[in-house]
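I opened my notebook to record what I looked up in this model. The sequence and structure come next, then my entries.

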Amino acid sequence: MAKEVIDSLAMKRALTRMTYEIIEKNKGIDNLVLIGIKTRGIYLAKRIADRLKQLEGADVLVGSLDIELYRDDRHDASLGNEPTINTKGSQIDFDITGKQVILIDDVLFTGRTIRAALDALMDQGRPQTINLAVLVDRGHRELPIRADFVGKNIPTSPDEQISVSVEEVDGKDSIEIERIK
């Protein structure tokens, strides 16, 4: 049975705090772009962009990144060990070369999703910097990846799962933890 650890108000507060930290670290929003990792990272990126507009009075470009075909755990058997490279599920309608990119995802766990996202981003251009923002950092890294902006650290055991729900996809905002069998 899942237990809610973050409700919609706490999630909104975490995203607001992350937004302020992004402004502070980047000394404003000039040259800043947000890239959300499909699926929930896209909606979190849009929310942060909306909050940046409220606070700074300017729009920030938002793109979406589909990393499915960059993952190291999913390959097309007909191609042998080489993954298929295709970013057609991504929507980045602007040049990221020379930009300060904030890569946004819902949960940071092993680091493999972020590794795939970095590969996919580099196929789009060469940013000046890439920072990582995650709503939840649950630990258990397999790769040396660390988030620059974290909404909430939720230590978990390997047999637990974190589920992030967003209104746009799931009809509610919440973060739940559940023991898996």
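How far apart do the end C-alpha atoms of residues 101–113 lie, and what share of the span is helix and what share strand? I found 17 Å between the end atoms, with 15% helix and 62% strand. Helices (H or I, at least four residues) and strands (E, at least two) are DSSP runs, numbered from the N terminus.

I noted the source: this is a predicted model, where local features need pLDDT of at least 70, side-chain atom pairs count only at pLDDT 80 or more, and totals for chains, interfaces and linings use all residues. Residues are numbered from 1 along each chain as its sequence is written, and side-chain values use heavy atoms, with hydrogens and water left out.

I checked the record for that span. An unreviewed UniProt entry annotates residues 101–113 as "short sequence motif: PRPP-binding". Such annotations may be inferred rather than shown by experiment.

Next I looked up the largest nonpolar core (buried Ala, Val, Leu, Ile, Met, Phe, Trp, Tyr and Cys residues joined through side-chain atoms within 4.5 Å). It has 29 residues, and Leu34, Leu135, Val164 and Ile175 have the most contacts inside it. Helix α1 (8–26) and strand β2 (32–37) are among the elements that each supply at least two residues. The largest share, 6 residues, comes from α1. Another core lies apart from it, with 22 residues, including Leu65 and Tyr70.

I then turned to Asn26, which lies in helix α1. Asn26 is buried (under 20% relative accessible area, 1.4 Å probe, protein chains only), at 9%. Its contacts (heavy atoms within 4.5 Å) include Leu32, Gln100 and Phe149, not counting residues up to four places away in sequence.

Terms used: Buried < 20%, exposed > 50% of the residue type's maximum accessible area, 1.4 Å probe, protein only.
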